[in-house]
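Biologist: I should like a close look at a single part of this model, namely the sheet and what surrounds it. Please take me through it in one connected account.

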Amino acid sequence: MPRQPGEVEVTCTLRRWPVPAERVERLVRFVAGREGAELAYVEVAIVGRRRMATLNAELLGHAGPTDQISLDLGAAPGGGLVAQLIVCADVAAIEARRRGHSPAAELLLYVTHGLLHLLDYDDHTAADSTRMHAREDELLAEFGVGRVFGR
């Protein structure tokens with residue numbers, strides 16, 4: 001739980017990972033600010049393929065690793081989002097190579113995507129998916145990463 005209001009904590013279980021923790025933290029604050037969301041406590045956990053596969057099975061009942069899992073842990077007593085974002089650096093590296101950009105950009109896309117899910121964006125229909133991915137690209141471009149999803 002939060003140690004101080006608006007805390008963003010970035011953890012990593014890997015020896016090497018493509019994005020500095022402070023950049024991930026700045027992105028979370030940036031996206032929340034642009035979306036008008038108040039943060040109480042958000043943890044971003046960067047994990048490898050095996051850990052993500054385990055969490056995907058335990059939390060969602062799906063086999064294998066996935067790009068990201070977003071968990072809304074409810075509102076803090078004084079208000080604000082309490083959440084955990086779990087993103088997979090190994091999936092980001094594979095997808096980045098396939099799509100022709102950096103693993104860092106792909107990982108930041110996953111953080112943005114997960115946070116937007118927590119802020120009530122949905123991608124289950126074609127129209128919702130188009131809207132969500134366009135917003136991801138707008139936010140990442142404004143943050144200085146550039147368009148990642150719709151390159």
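**The sheet and its surroundings**

Modeller: Six bridges join β3 to β4, and these two strands run antiparallel. Please bear in mind throughout that the model is predicted. The two strands form a hairpin with five residues between them, and in the turn Gly79 has a positive phi of about 100 degrees.

This hairpin belongs to an open sheet of four strands in the order β1-β2-β4-β3, with mixed pairing. The edge strands are β1 (7-12) and β3 (68-75), each of which pairs on one side only. On average, neighbouring strands of the sheet are turned by 10 degrees against each other, direction ignored. In contrast to the antiparallel hairpin, β1 and β2 (residues 39-47) run parallel and are joined by six bridges. Within that pairing, Cys12 has Ile46 of β2 as its bridge partner.

Two helices are to be placed against these strands. Helix α2 (residues 49-60) packs on the sheet, where it touches β2, β3 and β4 (81-88), and its direction makes about 50 degrees with that of β3. Helix α4 (residues 103-118) lies across β2, β3 and β4 and runs at about 145 degrees to β4.

A residue of the hairpin may serve as a point of reference. Gln68 is placed in strand β3, and its bridge partner in β4 is Val87. Is Gln68 buried or exposed? Its relative accessible area is 11%, and the cut-off for a buried residue is under 20%, so Gln68 counts as buried. Apart from residues up to four places away in sequence, Gln68 touches Met52, Ile86, Val87, Tyr110, His113, Gly114 and His117. The side chain of Gln68 also makes a polar contact with the side chain of Ser70, at 2.9 Å.

Helix α4 itself deserves attention. Of its 16 residues, 14 are buried, and the helix is thus mostly covered. At 1.5 Å a residue, its 16 residues should span 22 Å; the C-alpha atoms at its ends are 23 Å apart, which agrees. Ahead of this helix, His101 lies in the loop between α3 (89-99) and α4. His101 is buried, with a relative accessible area of 14%, and a polar contact of 2.5 Å joins its side chain to that of Glu106. Just after α4, Asp120 takes a positive phi of about 75 degrees.

The cysteines remain to be considered. A disulfide is a covalent bond between the sulfur atoms of two cysteines. How many disulfides does a search of the whole structure find? The search finds zero. For Cys12, the closest cysteine sulfur is that of Cys88, at 10 Å; a disulfide requires the sulfur atoms to be within 2.5 Å, so this separation is too far for a bond. Cys88 is likewise in no disulfide, its nearest cysteine sulfur being that of Cys12. As to their surroundings, Cys12 counts as partly exposed at 27% relative accessibility, whereas Cys88 is buried, with a relative accessible area of 0%.

Conventions
Residues numbered from 1 in each chain as written. Predicted model: local features only at pLDDT ≥ 70, side-chain atom pairs only at ≥ 80, totals over all residues. Heavy atoms only, no water. Pairing = 2+ DSSP bridges. Axes fitted to C-alpha atoms, helices over the stretch in contact; angles between N-to-C directions. Contact = heavy atoms within 4.5 Å. Buried < 20%, exposed > 50% of the residue type's maximum accessible area, 1.4 Å probe, protein only. Polar contact = N/O pair within 3.5 Å; in protein donor to acceptor, adjacent residues only side chain to side chain. Expected span 1.5 Å × (residues − 1).
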